[in-house]
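Colleague: I am new to reading structures and would love a close look at one part of this one. Could you pick a spot and walk me through it slowly?

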Amino acid sequence: EDRVDLHCASIYEWEPDSTEKYDAGYFSGSFSLMPDPLEALIVVAKHVKPGGRVYITQTFQRHGFWGLSIIKPLVKYVTTIDFGQLYYESQLEEVLAAAEKKGLKVMSNEVIPNSKDNFFQAARCIVLEVV
């Protein structure tokens, strides 16, 4: 508990109490829930030390199922869980390319071993360095 600080706030509005920078930021399956994923990365990077890392772990779509892009957002009304929109690997690549222009360097972008990895989707681990 002396090594981890947990903050529950909107990433777009969060302002830490101190000027201290953090070693890392982490998006755990939440990237597709962000209204503006690139802006979320930029905000997090402002609070991470130079040389620190931003991690993203999430399942990204390779190909869509017919109708799933309509059904997935509606599931929250039945389950009360917001699973977000379908987010494709191609969208991820665009965001990562834009992030590199904003001071983040993609260190790795790999499928997580022994996880989802098929024609339709893949669970990925992305590591970015704050430069």
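Modeller: Happy to! One term comes before anything else: a polar contact is a pair of N or O atoms within 3.5 Å, where, within protein, one must be able to donate a hydrogen and the other to accept it. Please keep in mind that this is a predicted model.

Now find Gln58, which sits in strand β2, residues 48-61. Its side chain makes a polar contact with the side chain of Ser32, at 3.1 Å. Is Gln58 buried or exposed? Buried means under 20% relative accessible area, and Gln58 has 9%, so this residue counts as buried. Leaving aside residues up to four places away in sequence, Gln58 touches Gly29, Ser30, Phe31, Ser32, Ala122, Ala123 and Arg124.

Strand β2 also leads us to helix α1, as β2 is among the elements that cover the buried residues of α1. The others named there include β1 (22-28), α4 (89-100), β3 (104-111) and β4 (121-130). Helix α1 spans residues 37-46, and 7 of its 10 residues are buried, so the helix is largely enclosed by the rest of the structure. Those buried residues are Pro37, Ala40, Leu41, Ile42, Val43, Val44 and Ala45.

For contrast, turn to the surface. Ile70, Ile71, Leu74 and Tyr77 form a nonpolar patch there, with about 480 Å² of accessible area together. Helix α2, residues 68-74, gives the most to this patch, with 3 residues. Leu74 lies in that helix and is partly exposed, with a relative accessible area of 48%.

Methods: Residues are numbered from 1 along each chain as its sequence is written. This is a predicted model: local features need pLDDT of at least 70, side-chain atom pairs count only at pLDDT 80 or more; totals for chains, interfaces and linings use all residues. Side-chain values use heavy atoms; hydrogens and water are left out. Patches are made of residues with over 30% relative accessible area and no salt bridge: like charges are joined within 9 Å, nonpolar side chains (Val, Leu, Ile, Met, Phe, Trp, Tyr) within 5 Å. Accessible areas come from the Shrake-Rupley method with a 1.4 Å probe; for residues, only the protein chains shown count as cover. A salt bridge is a side-chain nitrogen of Lys or Arg within 4 Å of a carboxyl oxygen of Asp or Glu. Helices (H or I, at least four residues) and strands (E, at least two) are DSSP runs, numbered from the N terminus. Buried means under 20% relative accessible area, exposed over 50%, partly exposed in between (1.4 Å probe, protein chains only). Contact means heavy atoms within 4.5 Å.
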